[in-house]
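Dear colleague,

I am handing over the structure we spoke about, and below it you will find my notes on a few of its residues. Please read them with the sequence and the coordinates open beside you.

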Amino acid sequence: MGIHNLAKLIADIAPGAIKDNEIKNYFGRKIAIDASMCIYQFLIAIRQDGTQMTNEEGETTSHLIGLFYRTIRMMEAGIKPVYVFDGKPPDMKSGELVKRKERREEAEKELEKAKESGDVVSMEKFERRLVRVTKQHNEECKTLLKLMGVPFVEAPGEAEAQCATLVKAGKVYAVGTEDMDALTFGGSVLLRHLTASEAKKLPVQEINLARVLDGFDLSHEEFIDLCIMMGCDYCGSIRGIGMKKSIELIKKHKTIDSVLQHIDKTKYPPPEDWLYKEARELFKKPDVTAGEDVELKWTSPNEEELIKFMCGAKQFSEDRIRNGIKKMIKAKQGSTQGRLDSFFKVIPSTNNSKRKPADTKGNAKKKAKTGGGKWKAR
């Protein structure tokens, strides 16, 4: 779920924190991608005839071909993707997992009703709700990534938290996910729709955390409390208080502790034994591998092993896979130049004195050649 209605609140209050981009604008960027979210998108994708992609044995294979082509698309745009897989969910997430199980059970009942009535649209809707990313799906995707030469990280806990840690450590530029809690974990740049189907023609939506905090006029610690009040995966929220009331109360009282001292608890009852303090600590100190301990390395694809894996047991067309590999190799060769800002940075001038009139005979020509700014190699 992430943070309930956070994207809408940002659009309403801090629209300057959001900008739409084309995927090609991330040329040369390293981006950490929430693998489970990405795989789920591929698993719920259906073909034009309304069925999932499977091999002759009936095994679902849409996650593999989806990951293969979507990764190639990013590489062709000059992006260096790194996929981050979920580890063990925090104990505090157990309540959310129970709710998800209940929703699946309800979806199973609704699916049976839709089948009995022949309601194809409802059948598709409830079938999607029953889709789960399994351990087998994850392991197959790791095998594929390894053969493609694309790095992946196995997080000890939540993937979004690990992605945010990689951003904070400077290992990657941004987090690619649809879950807004990557911002709550401190990821400075969030990219949504990065792995969306090209057919949907959705722009990549970039959300900048610093601009969110500036627009909300909150510190990051206050922002964490706001996210907990709005509704997160780790504990309940105060009944009757929505997103607008949440930010109003946090801006006024700064912390949930202070909010609880000032609200009418009969009108706005907080959850019994509310674990907001524990949720706050989880967002501030999640279970992650330190960024400096993570080594990211992109290598050349293992063409023959890729063919064996994708065209053997998984039964994809060899011509299609070989063409995909050619695109990968070409993209890798074309992205070696990298971004200009990865090699240079602008050093602002420290001279505050008034500018002297330009020497039209000599200095003006020199300035035209140098561009007037100081650059320093990193």
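The notes that follow deal with three loop residues in turn.

Please keep in mind throughout that this is a predicted model.

I begin with Cys-235, which sits in the loop that links α10 (220-230) to α11 (243-253). Its relative accessible area is 14%, and because the cut-off for buried is under 20%, Cys-235 is counted as buried. Once the neighbours within four places in sequence are set aside, the residues in contact with Cys-235 are Ile-228, Trp-274, Leu-275, Tyr-276 and Ala-279. Of these, Leu-275 lies 40 residues from Cys-235 along the chain, and yet the C-alpha atoms of the two are 6.0 Å apart.

The next residue is Lys-201, which belongs to the loop between β6 (189-192) and β7 (204-208). Its phi angle is near 55°, which is a positive value in a residue that is not glycine. Lys-201 has a relative accessibility of 72%, and since exposed means over 50%, this lysine is classed as exposed.

The last residue is Gln-315, placed in the loop that runs between α14 (303-313) and α15 (318-334). Here too phi is positive in a residue other than glycine, with a value near 65° for Gln-315. The relative accessible area of Gln-315 is 31%, and because this falls between the cut-offs of 20% and 50%, Gln-315 is described as partly exposed.

With best wishes

Note on methods: Residues numbered from 1 in each chain as written. Predicted model: local features only at pLDDT ≥ 70, side-chain atom pairs only at ≥ 80, totals over all residues. Heavy atoms only, no water. Helix = DSSP H or I, 4+ residues; strand = E, 2+ residues; numbered from the N terminus. Buried < 20%, exposed > 50% of the residue type's maximum accessible area, 1.4 Å probe, protein only. Contact = heavy atoms within 4.5 Å.
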